[in-house]
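This text walks through one protein chain, from its overall build to one sheet and then to the empty spaces inside and at its surface.

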Amino acid sequence: MIDLANLPAGFHENPFPHYDRLLETAPVCPQPDGSVLLSRHADLGAVYKDTTTFTSDKRVVFKPKFGAGTPLYEHHTTSLVFNDPPLHTRVRRIMASALAPRAIQRMEPGLIGTVDRLLDEMPQQADLIEDFASTIPIQIIGNLLDIPHSERGPLRDWSLAILGALEPVLTPAQLASGQQAVSEFKEYLQGLIARRTARPGDPDTDVLTRLIQGDSDGTLTEIELIQNCIFILNAGHETTTNLIGNGLALLHDHPEEKQRLINDMDLIAPCIEEVLRCASPNQFGNRETATDCVIAGHRIAAGTNLHLCIGAANRDPQVFENAAVFDITRTPNRHLAFAGGPHVCVGLTLARMEGRIAIARFLQRYPDYTITSRKQGGRIRFRGYSSLGATL
């Protein structure tokens with residue numbers, strides 16, 4: 001039994017033994033607050049695919065958590081990830097067209113240039129998060145929305161505060177920080193949208209212009225537009241930061257696998273998939289039951305909040321042989337790091353490209369790096385390091 005509101009000591013640092021026990025003894029785990037924790041790969045896959053029985057709409061859950069009408073409530077009930085069709089379908093279609101393979105291919109030279117510049121500037125004693133991993137997605141997302149470089153400074157702190165408010169248990173300080181971050185980001189975007197509306201960019205490369213203009217089925221309201229711009233930053237920033245940071249930490253801790261990759265850089269693609277499986281940047285998702293249902297023999301009432309433990313599902317021995325082993329050649333690798341079904345991550349191709357280029361070019365430049373200190377981010381929903389000290 002794991003109580004997400006009262007976690008055992010050491011869970012943040014190493015949740016994986018707890019995940020293994022969940023899979024073995026309680027794959028459907030009721031929580032004291034009436035919610036249910038799911039951990040099996042098959043159960044998560046079924047929930048992701050069934051948007052009739054399991055809804056992404058979080059208005060009921062988030063009202064007591066954030067307060068009706070508050071900035072966090074407005075954001076997390078309007079953004080793409082916590083919505084069902086028709087809003088989800090409409091916004092996702094616009095975003096997906098802007099993140100089509102051809103559009104992402106055009107981003108690659110700029111991404112390589114950003115990575116190489118950061119590698120050139122890194123000190124011998126570096127923080128692989130602050131000096132490298134966190135900067136890459138901020139620049140890529142800044143480019144997607146065509147945010148002037150001089151205005152990108154607050155983006156990371158806003159994202160961390162807003163996503164931090166999704167933890168199962170919040171301190172008053174975390175709640176206040178999240179509310180303030182949404183308010184500040186919203187005010188900034190109102191000005192940016194006004195400027196872009198007056199002087200549109202190229203909709204083939206500027207996602208903000210594309211979102212403003214909408215498509216043949218119409219345009220987004222101002223609130224939908226603002227909150228989904230915030231979503232683009234949040235969805236693409238911390239998860240990609242964690243992918244890069246977790247990948248560098250895993251390779252450092254598994255020197256034989258690191259050397260295999262250095263010897264054959266064609267393994268970078270399966271390596272990224274194994275990082276996503278072993279240390280999923282997003283460890284938990286959520287759904288709510290829209291009707292009474294049965295999951296793995298357990299009757300669950302309508303209106304029940306489900307915690308989907310992606311981190312556990314990606315270690316399910318029914319799906320992954322030697323699931324605890326980090327193997328950069330693992331195939332097949334049907335992990336759920338990007339969720340699944342209609343809500344599968346819209347930016348997964350871009351995230352994979354960022355991970356491949358960042359880690360491959362880092363290893364080519366600094367194959368003998370040594371991690372000297374590490375500090376976990378201290379959250380259970382998003383797994384990554386807030387600091388990763390290294391000697392290059």
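The protein chain contains 16 helices and ten strands. The model is a predicted one. Its C-alpha atoms occupy a box of roughly 55 × 55 × 40 Å along the principal axes. For 392 residues, a compact globule would have a radius of gyration near 21 Å; the chain has 20 Å, so the value agrees with that expectation.

Among the strands, five form an open sheet with mixed pairing, in the order β1-β2-β8-β5-β3. The edges are held by β1 (28-30) and β3 (54-55), and because each of these has a single partner strand, one side of each lacks a neighbour in the sheet. The partner of β3 is β5 (residues 284-289): the two run antiparallel and are joined by two bridges. Within this pair, phenylalanine 54 is opposite threonine 289 of β5. Across the sheet lies helix α2 (residues 41-49), which passes over β1, β2 (36-38), β3, β5 and β8 (305-309). The helix runs at about 125° to β8.

The next topic is empty space. Rolling a probe the size of a water molecule over the atoms shows where such space is left. How many cavities of 30 Å³ or more does the structure hold? There are two. The largest cavity has a volume of about 830 Å³. It is lined by 45 residues, and those closest to its centre are Val81, Phe231, Ala235, Thr239 and Cys345. The elements contributing two or more residues to this lining are α4 (71-76), α5 (87-98), α8 (135-144), α12 (222-253), β5 and α16 (348-365). Helix α12 supplies the largest share, eight residues. By class, the lining consists of 28 nonpolar, 13 polar and four charged residues. Strand β5 therefore appears both in the sheet order and among the contributors to this lining.

The second largest cavity has a volume of about 40 Å³. Its lining is made up of Phe11, His12, Pro15, Tyr19, Gln283, Arg379, Ile380 and Arg383. Four of these residues are nonpolar, two are polar and two are charged.

Pockets, unlike cavities, are open sets of points. The largest pocket holds about 460 Å³ of space. Of its 25 lining residues, Asp33, Lys65, Pro168, Asn305 and His307 lie nearest the centre. Two or more lining residues come from each of α3 (59-66), β5 and β8. The lining divides into ten nonpolar, nine polar and six charged residues. Two strands of the sheet, β5 and β8, are thus also found at the wall of this pocket.

The second largest pocket has a volume of about 310 Å³. It has 17 lining residues, with Phe16, Leu250, Cys278, Ala279 and Arg383 closest to its centre. Arg383 is also one of the residues that line the second largest cavity. The elements giving two or more residues to this pocket are α12 and β9 (370-376). The largest share, four residues, comes from α12, the helix that also gives the largest share to the lining of the largest cavity. By class, the pocket lining has nine nonpolar, three polar and five charged residues.

Technical notes:
Residues numbered from 1 in each chain as written. Predicted model: local features only at pLDDT ≥ 70, side-chain atom pairs only at ≥ 80, totals over all residues. Heavy atoms only, no water. Pairing = 2+ DSSP bridges. Contact = heavy atoms within 4.5 Å. Axes fitted to C-alpha atoms, helices over the stretch in contact; angles between N-to-C directions. 1 Å grid on protein atoms, 1.4 Å probe; cavity = no way out; pocket = protein on both sides within 12 Å on 5 of 7 lines; lining within 4 Å. Points joined across faces, edges and corners; volume = space filled by probe spheres on them. Nonpolar A, V, L, I, M, F, W, Y, C, P; charged D, E, K, R; others polar. Rg over C-alpha atoms; globule rule 2.2 N^0.38 Å.
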